[in-house]
Amino acid sequence: MSSEDPRRSCGTRLAAGLGAGSEFLHQPVMLDEVVAVLSDVPDGVVVDATLGGGGHTDALLKANEGLSVIGLDRDRDALDAACTRLASHGGRIIGMHRRFDEITEAVRGLGHHKVSACLFDLGVSSPQLDSAQRGFSYRQSGPLDMRMDRSGGITAAEVVNSYDESALTSLLRRHGDEPDARRIARAIVAARPVASTTELADVVRGAVPAAVRRRKGHPARRTFQAIRIEVNQELEILQDALAQALSLLAPRGRCAVLAYHSGEDRIVKRCFRDAAGEATPPRPGLPPLPGQQAAVRLLWRGVRRPGDDETTSNRRSEAARLRAVEKLETAR
């Protein structure tokens, strides 16, 4: 994905003038819980597959002198900002401009074969949401972009203005759990060309029933989420990325995932249960298929969520769901 030398530490990136995103400030979700889960691993390399603003990595490096981090992010602004924040850790952190489904290539390219832990924080960061020019916000007027990596790929404008009504309906249901998907898709097609984020938000607001408009939360939230997931292929690449991460874990290594969307969490749950030898039933009510030999153990059943204090101080953490597994000593 990137032509830059992947072996640069964040300290080197900063010295080279690559840490220009210091305004990229983000409050990491469930910070204490994540650090607690990932602290009890063997000394070695941790992969932060979604480095973001670097908050989780910063806390983890401060808490564990025996760990170093390879931080991946497809958003250059986030990567540069994280390297600014993390420069004091020197060579203990290497930042790389990569998607998280390139985790094996990144780790092996740096000469490592096993890692002590992997972290995925699948949320969109506050700076991305708050920047009108990024196109993620339904509250601020900006271009319909929504790409995490602005160097290529389709934009939200292409999705909104070129997908037919059936395709739009399907993605709104699949990626947004949107009950009014068909109404919204029909309204978008009728309003084309849709040029800005606020114009799209107005189209959605006008398409849904009045009772929906009166509910808590913006009626376009699910639509924007669904289009963002489509633009960045977030669900398509997640399962492969998780499989790679579990394969890279050393014995007693751990993988933790913060998901914010039901589709993401279903993928994480299924991947972790399958790896733990608990095959998912083919349909609800049927017995599970015979499980494969367990390679990991679930650290807890179900999900852990932020506490009331955190959701009060950071409303965007409300949807977070944390799952984690540990590689078995007997697994390769």
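**Strand β7 and salt bridges in a predicted model**

Me: In this predicted model, is Arg-98 buried or exposed?
Reply: The relative accessible area of Arg-98 is 13%. A residue counts as buried under 20%. Arg-98 is therefore buried.

Me: Which side chain meets Arg-98 in a salt bridge?
Reply: The N to O distance of this salt bridge is 3.3 Å. The partner is partly exposed, with a relative accessible area of 49%. The side chain that meets Arg-98 is that of Glu-105.

Me: Why is strand β7 largely enclosed by the rest of the structure?
Reply: Arg-321, Arg-323, Val-325 and Lys-327 point one way from β7, and Leu-322, Ala-324 and Glu-326 point the other way. In a regular strand, side chains alternate between the two faces of the sheet. Strand β7 is largely enclosed because, of its seven residues, those buried number seven.

Me: Which strand pairs with β7 over six bridges?
Reply: Strand β6 is joined to β7 by three bridges, in the antiparallel sense, with Leu-298 opposite Val-325. The pairing over six bridges is also antiparallel, and Ala-259 stands opposite Arg-321 in β7. The strand with six bridges to β7 is β5.

Me: How many residues apart in sequence are the parts tied together by Asp-265 and Arg-323?
Reply: Asp-265 and Arg-323 form a salt bridge, their closest N and O atoms being 2.8 Å apart. Asp-265 lies in helix α14 and Arg-323 in strand β7, so the pair ties together parts whose separation in sequence is 58 residues.

Me: Which residue of β7 is linked in a network of salt bridges with Asp-40, Arg-254 and Arg-297?
Reply: The structure holds 20 salt bridges. One network links Asp-40, Arg-254 and Arg-297 with a buried residue of β7. That residue is Glu-326.

Terms used: Residues are numbered from 1 along each chain as its sequence is written. This is a predicted model: local features need pLDDT of at least 70, side-chain atom pairs count only at pLDDT 80 or more; totals for chains, interfaces and linings use all residues. Side-chain values use heavy atoms; hydrogens and water are left out. Buried means under 20% relative accessible area, exposed over 50%, partly exposed in between (1.4 Å probe, protein chains only). Helices (H or I, at least four residues) and strands (E, at least two) are DSSP runs, numbered from the N terminus. Two strands pair if DSSP finds at least two bridges between them. A salt bridge is a side-chain nitrogen of Lys or Arg within 4 Å of a carboxyl oxygen of Asp or Glu.
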